[in-house]
Amino acid sequence: MPFLFTRRNKAKGKGENIVLPQHIGIIMDGNGRWAKKRGLPRSAGHTAGAQTFRTITRYCSDIGVKYLTVYAFSTENWKRPKEEVDALMRLFKQYLVEALTDFKDDSIVVRFIGDTTAFSPELQKLIRETTEESKDRDGMVLNIAMNYGSRDEILMATKSIASRVQSGEISVDDITEELFSSGLYTAGQPDPDLVIRPSGEYRISNFLLWQSAYTEFVIMDKLWPDFTTEDLDKALELFSKRNRRFGGV
């Protein structure tokens, strides 16, 4: 369940209580447009976006968010120009090398959701090492969605359940929402309370479709590399004012 934290209001010069989501999802969108506006290659936008990612991740950890899921690379992103995909792979490699020590002092647990078998052996090795290195930490859980698509995730869970029914391990009557959720990449984690999409686009883009059934969404008209901790505070303030009824009155 979400809980309260006290944020210092710079304008009013006093503290104020904000409802803090337990699990936040962020669709990190707008890197390419940020670079284009500045006459730079798209890869420059991804580099700037990676720095924003580090800043926002640490801030979420510092204020007490328990789970953060960031959309880094979707199953559809392979359709982008080869030079852009290659630049992203180099950036991922750089990040993973840094991540082995980057979040160590923050006690952040790093996990990866998505089909990582599509990446190079070198990247897969770094993903395994990063996961193993951080697994025993006791801080915020950071899910990095890489080669992730929610429809693929749902199909994966469905096939797994169908196989178990076919083998006689479970019956059709055993299939529940809880059982289905246990077959997703986010098994054992609470559903996101809040999903933030910078860049002003009004799309979910195949992100956490099952998990977001009752998630609150905040769309912000700011490209991801320009996104700041103050913008996150604004999103949290909007979330804090929402009346979440979960289908009830």
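Two strands pair if DSSP finds at least two bridges between them. The exercises below apply this and related criteria to a predicted model.

**Exercise 1. Strand pairing**

Determine how many bridges join strand 7 to strand 8, and state whether the two run parallel or antiparallel.

*Solution.*
Step 1. Locate the two elements: strand 7 covers residues 194-198, and strand 8 covers residues 216-220.
Step 2. Count the bridges: 5 of them join strand 7 to strand 8. The pairing criterion asks for at least two.
Step 3. Assign the direction: the two strands run parallel.
Step 4. Identify a partner: I196 is bridged to V218 in strand 8.

**Exercise 2. The two faces of strand 8**

Sort the residues of strand 8 into a covered face and an uncovered one.

*Solution.*
Step 1. Recall the general pattern: in a regular strand, side chains alternate between the two faces of the sheet.
Step 2. Assign the covered face, which consists of E216, V218 and M220.
Step 3. Assign the uncovered face, which consists of F217 and I219.
Step 4. Combine with the preceding exercise: V218, the bridge partner of I196, belongs to the covered face.

**Exercise 3. A salt bridge between helices**

Explain which parts of the chain are tied together by the salt bridge of R42 with E84.

*Solution.*
Step 1. Check the distance: the closest N and O atoms of R42 and E84 are 2.7 Å apart, and the cut-off for a salt bridge is within 4 Å.
Step 2. Place the residues: R42 lies in helix 2 (residues 42-63) and E84 in helix 3 (residues 82-102), so the pair ties together parts that are 42 residues apart in sequence.
Step 3. Classify the accessibility: R42 is partly exposed at 38%, whereas E84 is buried at 6%.

**Exercise 4. Further salt bridges**

Describe the setting of the salt bridges of D86 with K82 and of E169 with R164.

*Solution.*
Step 1. For D86 and K82, the closest N and O atoms are 2.7 Å apart.
Step 2. Both residues belong to helix 3; because they are 4 residues apart there, about one helical turn separates them.
Step 3. D86 is partly exposed, at 30% relative accessibility, and K82 is exposed, at 64%.
Step 4. For E169 and R164, the corresponding distance is 3.2 Å. E169 is exposed, with a relative accessible area of 52%, while R164 is partly exposed, at 26%.
Step 5. Place these in context: the structure holds 15 salt bridges. A network of salt bridges links D29, R33, R197, E201 and R203.

**Exercise 5. The largest pocket**

Characterise the largest pocket by volume, by contributing elements and by residue class.

*Solution.*
Step 1. State the volume, about 640 Å³.
Step 2. Name the residues closest to the centre: of the 31 lining residues, these are M28, N31, Y71, A72 and N77.
Step 3. List the elements that give two or more residues to the lining: helix 1 (31-37), helix 2, strand 4 (67-74), helix 3 and strand 6 (141-148). Helix 2 gives the most, with 6 residues.
Step 4. Divide the lining by class: 14 residues are nonpolar, 8 polar and 9 charged.

**Exercise 6. The overall fold**

Summarise the protein by its secondary structure, its buried share and its contacts.

*Solution.*
Step 1. The protein has 7 helices and 8 strands.
Step 2. Of its 249 residues, 47% are buried.
Step 3. Among contacts with a separation of 6 or more, 73% involve residues 24 or more positions apart.

Terms used. Residues are numbered from 1 along each chain as its sequence is written. This is a predicted model: local features need pLDDT of at least 70, side-chain atom pairs count only at pLDDT 80 or more; totals for chains, interfaces and linings use all residues. Side-chain values use heavy atoms; hydrogens and water are left out. A salt bridge is a side-chain nitrogen of Lys or Arg within 4 Å of a carboxyl oxygen of Asp or Glu. Buried means under 20% relative accessible area, exposed over 50%, partly exposed in between (1.4 Å probe, protein chains only). On a 1 Å grid over the protein atoms alone, a cavity is a set of points where a 1.4 Å probe fits but cannot get out, and a pocket is an open set with protein on both sides within 12 Å along at least five of seven lines; lining residues have an atom within 4 Å of a point. Grid points are joined across faces, edges and corners, and a volume is the space filled by probe spheres set on the points. Ala, Val, Leu, Ile, Met, Phe, Trp, Tyr, Cys and Pro count as nonpolar, Asp, Glu, Lys and Arg as charged, and the others, Gly among them, as polar. Contact means heavy atoms within 4.5 Å.
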